[in-house]
Amino acid sequence: MPRLASGLANWHGLEQTLGDDCLRISSYNLHRCIGRDGRQDAGRVAQVIKELACNVIGLQEVANQFDGGHASLQLDYLAEQTGMEAIAGHTMIRHEGNFGNGLLSRHPVVSVRQHDFSYRTREPRGALDVELDVGGTSVRVVVTHLGLRPAERRFQVSRLLKLLHDAPIGQLIVVLGDINEWLPLGRPLRWMHGMFGRAPAERSFPAWAPLLALDRVWVRPRHKLLAFTTHSSAAARDASDHLPVKALIATDLPANKRR
């Protein structure tokens with residue numbers, strides 16, 4: 001079973017030994033593309049996504065509110081700038097525009113489902129559930145953004161685990177997103193670890209002085225998760241209030257590449 005490599009140096013070392021059989025995936029809360037300086041600038045976010053060099057990016061807080069400029073349709077703009085396919089997972093649909101989750105992918109999309117995780121009168125939340133074809137391997141990627149209150153998160157994680165309960169045990173599943181869980185021993189984290197194994201944690205919020213590990217990636221089977229790190233370039237520290245996190249995931253790991 002491969003050992004999990006954590007940190008940027010370990011990421012680069014491992015990535016050089018892996019080929020196309022490895023899924024490079026990221027989770028990034030865009031904060032509506034509003035950066036540290038209070039300006040909304042989708043171009044900065046596009047630069048960060050290019051820096052990530054991942055072939056799948058799960059997004060949260062994506063705003064599509066047309067103001068006369070193409071960049072205000074953020075998901076479409078980022079897809080155009082990066083050459084990736086965009087899949088929308090809006091949780092709020094209003095006259096002035098849409099808002100919510102999204103996915104950018106270089107791999108073929110097999111199917112798309114959306115799930116409502118909204119809790120009472122709180123801000124609508126949900127999950128974008130996408131099946132990808134990664135070199136002939138089916139990978140189920142679930143992108144989510146959990147609520148700010150503990151009761152919300154408990155409800156939403158319960159819904160998520162129920163959703164995945166009947167998935168075939170050998171199916172490759174990746175759950176990623178901003179889980180908004182500040183407590184390292186909080187029930188939502190313990191429940192997620194119970195199904196997927198313990199997910200690595202690196203501080204990602206706030207981007208300019210990270211204190212909290214709010215952005216996570218879980219993988220089942222757990223041994224497929226090879227590396228995890230936070231991307232903390234100068235551009236990433238300025239482009240949003242969250243740093244992106246990224247993971248290397250084996251889809252078909254040959255014996256001579258196991259560690």
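Buried here means under 20% relative accessible area, exposed means over 50%, and partly exposed sits in between (1.4 Å probe, protein chains only). By that yardstick C54 is buried at 4% relative accessibility. Before going on, note that this is a predicted model, where local features need pLDDT of at least 70, side-chain atom pairs count only at pLDDT 80 or more, and totals for chains, interfaces and linings use all residues. Residues are numbered from 1 along each chain as its sequence is written, and side-chain values use heavy atoms, with hydrogens and water left out.

**The chain overall**

The chain has six helices and 12 strands; these are DSSP runs numbered from the N terminus, helices being H or I over at least four residues and strands E over at least two. Of its 259 residues, 55% count as buried. The accessible surface comes to about 11,400 Å², with 51% of that belonging to carbon and sulfur atoms, as computed by the Shrake-Rupley method with a 1.4 Å probe, where for residues only the protein chains shown count as cover.

**Cysteines**

You'll find zero disulfides in this model, a disulfide being a pair of cysteine sulfur atoms within 2.5 Å. C22 has its nearest cysteine sulfur, that of C54, 9.4 Å away, and that is too far for a bond.

Here are three buried residues:

| Residue | Relative accessible area |
|---|---|
| C22 | 2% |
| C54 | 4% |
| A247 | 0% |

A247 belongs to strand β12 (residues 245-250). Its C-alpha atom is separated by 9.4 Å from that of W218, 29 residues apart along the chain.

**The five-stranded sheet**

One open sheet runs in the order β6-β7-β8-β9-β10, with mixed pairing; two strands pair if DSSP finds at least two bridges between them. β6 (109-116) and β10 (215-220) are the edges, each with a single partner strand, so one side of each has no neighbour in the sheet. Neighbouring strands are turned by 15 degrees against each other on average, direction ignored. Inside the sheet, β7 (residues 126-134) and β8 (residues 137-145) run antiparallel and are joined by eight bridges. In that pairing, D129 stands opposite V142 in β8.

Two helices lie across these strands. Helix α4 (residues 150-164) lies across β6, β7, β8, β9 (172-178) and β10, at about 165 degrees to β8. Helix α5 (residues 187-196) lies across β9 and β10, at about 25 degrees to β10. Contact means heavy atoms within 4.5 Å, and the axes are lines fitted to C-alpha atoms, for helices over the stretch in contact, with angles from 0 to 180 degrees between N-to-C directions.
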